[in-house]
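This report concerns the side-chain interactions and the burial of residues in one protein chain. The structure under discussion is shown here.

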Amino acid sequence: MSSCRKRIYGAEFTDAEIAGAVREGKLLSMEMEFNSNCNFSCVYCYASNNGGSEGELNRDELRDLILQARDLGARKIIILGGEPMLYEHLFEMIRFIKDRGMEIELFTNGANMTLTAARKLIKYGVVVVLKMNSFDDDVQDLLSGKKGASVQIRKAFENLKKAGYPAGCAMGISTVICRQNIDELVKMWEWLRDQGVNPYFEMITPQGKARESGFLEVEDHQVRELFHQIAEIDRSKYGYDWVPQPPLVGGQCLRHQFSCSVNSRGDVQPCVGVTIPVGNIRERKLKDIILESEIITDLRNYRKTIKGPCRECSRLDECYGCRGAAYQCTGDYLASDPLCWNNADRRDDIICLPTDANKLVPHNPPMLIIDKVLEVSERKCVAEVNITEEMVFIGEDGRLDEASYPEIISQAIAADKGFRNLGNQNYQAEGFLLGIKNLEVLGDARVGDKLHVSVFKAAQYGHFGIIHGEVFKGQEMIARGEVKIWHNGNKDEN
């Protein structure tokens, strides 16, 4: 009996290769969009809307991006969308990728999948993953948001088979798990296995349109039972042995160890679920973005940084849940996955944003100024301050003293570090404000006002950092400036 390594995503990379990518800041694959337009309106889609073509990367920019990924070690390009079969230069780009010795996977809803197109794809050895969610036409059309979608998908499947898939080249079916199709997924899995087609069944990430589609939700126990039922069928009938774990049936998602996602406008993200841009390839090289991103570094070192129940899971080496689900549900890309059935009884232990700052910074009242952390993203944090008369920086007239703004900015960055290190047992909160530069006070704040503080880490030199901060009252910026800080890191670094 073999382990189920024959999965769509990442199966071709060994554990040693993945560990090397983490250690050296390399890529093994890259997900990318050529276009964002789509002819479907799937109710579970991670995109809120399809958008237009304005501002999308041109062919020269796409080619340069592919070469940058190859130079970082990427051996595979995964083409997403939008709907890539609607991109007019698709086969030109496929030829370019293949001529550089790289493999290709293409996710499609079957648009424009004529027999001629299918034959071109198999000629280039493109692994095609067709999106198909149900045998029932009405259910398929509902989930696709388009009448006649089932006919299009079925015709595309037939043309791919006629062209020689899956015997001549691997082929997969991408299926979301939802209330409308869960009762037929076991049958669909067996049907696909019997034809040699790779099933790619996945839990829905609650983002984009899926966030608005509560009618898709499935109970925890139903999802768990489905995974375990299919695992037993795979073991006894097809000889694949795997441990059920979310979010993929029969597979793992450790893509943040060796991959990234680049959308059609050049924004680099850890994946399509962790929707935090860490850079744009029009502004910086992909290598610099990957190496300098604290979010990508955190995810690659997840064993040290992940928080909550997932950190204590016995399967941490093989699973860290769905990072997209964790981020979309909690605002924290390092939080435990709230959709994992193993966390069903411990969801109260998963910290979500916004969260109180009093457990994140070493300050105590009345010196504690920051009330909440609202948002954490790439090198950036947004915190909240409620001005009260008990604060030490309040004058007799109820105004906030101008001398408080450097302290506000410093506490916001301390709260950011405290939040990011909640899962790090070696972290100790200690820091000092070393200097202030270019401080401008543009307005005032009084008792009763609510302020938002945005801090950005402009530079980092060991334990020293330069922080750019902005303080807002509503839409009005009332202060800005730079502070230089020293902070202690992990205990074992002292």
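Is D60 buried or exposed? D60 counts as exposed, because its relative accessibility is 55%; exposed means over 50% relative accessible area, buried under 20% and partly exposed in between, with a 1.4 Å probe and protein chains only. The model is a predicted one, in which local features need pLDDT of at least 70 and side-chain atom pairs count only at pLDDT 80 or more, whereas totals for chains, interfaces and linings use all residues. Residues are numbered from 1 along each chain as its sequence is written, and side-chain values use heavy atoms, with hydrogens and water left out.

**Salt bridges**

A salt bridge is a side-chain nitrogen of Lys or Arg within 4 Å of a carboxyl oxygen of Asp or Glu. By this rule the count is 31 salt bridges. Three of them are listed below.

| Pair | Closest N to O |
|---|---|
| D60 and R63 | 2.6 Å |
| E292 and R284 | 2.7 Å |
| R480 and E440 | 2.8 Å |

D60 and R63 are three residues apart in helix α2, and therefore separated by about one helical turn. Helices (H or I, at least four residues) and strands (E, at least two) are DSSP runs numbered from the N terminus. R480 belongs to strand β18 (residues 476–487) and E440 to strand β15 (residues 431–441), so their salt bridge ties together parts that are 40 residues apart in sequence. R480 is partly exposed at 31%, and E440 is likewise partly exposed at 34%. A network of salt bridges links R399, D444, R446, D449 and K473.

**Aromatic pairs**

Rings of Phe, Tyr and Trp (its six-membered ring) pair if their centres lie within 6.5 Å; planes under 30 degrees apart count as stacked, over 60 as edge-to-face and the rest as tilted. Nine aromatic pairs are found in the whole structure. The pair of F34 and Y87 is tilted, because the planes stand at 35 degrees, with the centres 5.3 Å apart. This pair links distant parts of the chain, 53 residues apart: F34 is in the loop between β2 (29–33) and α2 (59–71), and Y87 in the loop between β3 (76–80) and α3 (90–99). F34 is buried at 1% relative accessibility, and Y87 is buried at 12%.

W189 and F201 form an edge-to-face pair, at 5.1 Å centre to centre and 85 degrees between the planes. W189 lies in helix α7 (residues 185–194) and F201 in strand β7 (residues 198–203), so the pair ties together parts twelve residues apart in sequence. Both W189 and F201 are buried.

**Helix α3 and its surroundings**

In α3, the buried residues are L90, F91, M93, I94, F96 and I97. Their cover includes α2, β3, β4 (103–108) and α4 (115–123), where contact means heavy atoms within 4.5 Å. The charged end of K120 sits over the ring of F91, 5.0 Å from its centre; this requires NZ of Lys or CZ of Arg within 6 Å of the ring centre and within 35 degrees of the ring normal.

**The surroundings of E378**

E378 is located in the loop between β13 (372–377) and β14 (380–386) and, at 11% relative accessibility, counts as buried. Its side chain reaches the backbone nitrogen of E294 at 3.0 Å and the backbone nitrogen of I295 at 3.3 Å. Such a polar contact is a pair of N or O atoms within 3.5 Å; within protein, one must be able to donate a hydrogen and the other to accept it, and residues adjacent in sequence count only if both atoms are side-chain atoms.
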